[in-house]
Amino acid sequence: MRILVTGAHGKVGAATVAELIDAGHDVTGTDLLPPVYEGGDSGAHYVQADLADAGDAFAVVRGHDVVIHCAALPEPTRNPGHVVFRNNLMATFNVVEACVRMGADRIVNVSSETVTGMAFAERRFHAPYAPIDEELPSRPQDPYALAKVFGEQLMDAAVARSDLSAVTIRPSWVQWEGNYERSLGPWLRDPFGGPPSESFWSYVDVYDLAHALRLAAESGLEGHQLMYVVAADNGAGQPLRELIAYHFGEEVEVRELPREDAGGISGARAQRLLGFEPRRSWRDYLTPDGRLLEDARERLERGQTGVQRGRAALG
């Protein structure tokens, strides 16, 4: 299958490139970084493109069976809000339009847990129940989450007006060897003393996410299907009921959990529709007090992580 991965130099895109190559797919990656001219291909073909430009989007989408759309400015606090919104929404619009007009079979859209609106809210609020699922309404306040919500609506519109099928994946907080310690270390060292987590301590390993994206690309799902992809456990290493009771009291209803230390977002729909089962945990990377394990540190230093292999495959 000919698959285009947008945002291919980012951690999610690069891990997905490596996953797809290992599965035997014909992979093209695209991103803003310049290519290595006359360098040849190292497992995947790479094309530089600015997807916020419609001409670039049409040029790179043409000829592909499936597009996995990972490209985005990844959060709203490092760029002006209008830049985040314009870049992320226009890139998605252009990629979807190109898929429709160029006859792609499927688009796999990487959305975000932040569509619920809680992660970057200026007026803070939290979900009324856990685990969070796809039935919780989206109430975004920030430009990043707003663009992601509109992106999901673009999938609905594309499916309604064409033969394109779409799968939207909402990953939780994405972790790999390069950020596990920085991200989850504080939760593990002080799960009750730190600030509460709006996602109820959910996260996802980037290689599990890449696997889910491959399953979505290979699936025969029709229409537009939307689902969360998360780790099986929470990133604080504690019983979820205790975490929520301590930080939120009776304001959050804790519903049935698949395990005591489950994360606060449900991955049941991805399991049902894609057969996706998360295989990795923070415990594969971190000590109980949140320090990076030696083998993970060595992979990172030697450039042997899946993210780094995916970037290297782009040339």
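1. The crossing of helices α1 and α6 is right-handed. This is a predicted model. Helix α1 covers residues 11-22 and helix α6 covers residues 206-218; their axes lie 8 Å apart and meet at an angle of about 60 degrees. An angle of that kind makes α1 oblique to α6.

2. The residues that join these two helices can be named. From α1 the contact takes K11, V12, A15, T16, E19 and L20. From α6 it takes V206, Y207, L209, A210, H211, L213 and R214. Sorted by class, the contact of α1 with α6 holds eight nonpolar, two polar and three charged residues.

3. A second helix pair is α2 (residues 54-61) with α3, whose axes come within 9 Å and cross at roughly 45 degrees. The two helices are therefore oblique to each other. The crossing of α2 and α3 is right-handed.

4. On the α2 side, the contact with α3 is made by A54, A57, F58 and V61. On the α3 side, the residues are N94, V95, E97, A98, C99, R101 and M102. By class, the contact of α2 with α3 divides into eight nonpolar residues, one polar residue and two charged residues.

5. Turning to enclosed space, the count is one cavity of 30 Å³ or more. The largest cavity contains about 70 Å³ of space. Its lining is made up of H69, A71, A72, N88, L89, T92, N109, V110, S111, A147, K148 and G151.

6. Three elements each supply at least two residues of that lining: α3 (81-102), β5 (106-110) and α4 (143-161). Helix α3 thus appears in two settings, in contact with α2 and in the lining of the largest cavity. By class, the lining of this cavity has five nonpolar residues, six polar residues and one charged residue.

7. The second largest pocket has a volume of about 310 Å³. It is lined by 19 residues, and those closest to its centre are A232, P258, S266, G267 and A268.

8. Which helix gives the most to the lining of the second largest pocket? Helix α8, residues 268-274, does, with three residues. The lining of the second largest pocket comprises 12 nonpolar, four polar and three charged residues.

Methods: Residues numbered from 1 in each chain as written. Predicted model: local features only at pLDDT ≥ 70, side-chain atom pairs only at ≥ 80, totals over all residues. Heavy atoms only, no water. 1 Å grid on protein atoms, 1.4 Å probe; cavity = no way out; pocket = protein on both sides within 12 Å on 5 of 7 lines; lining within 4 Å. Points joined across faces, edges and corners; volume = space filled by probe spheres on them. Helix = DSSP H or I, 4+ residues; strand = E, 2+ residues; numbered from the N terminus. Nonpolar A, V, L, I, M, F, W, Y, C, P; charged D, E, K, R; others polar. Axes fitted to C-alpha atoms, helices over the stretch in contact; angles between N-to-C directions. Parallel < 35°, antiparallel > 145°, perpendicular 65-115°, else oblique. Left-handed = near helix turned anticlockwise from the far one by under 90°. Contact = heavy atoms within 4.5 Å.
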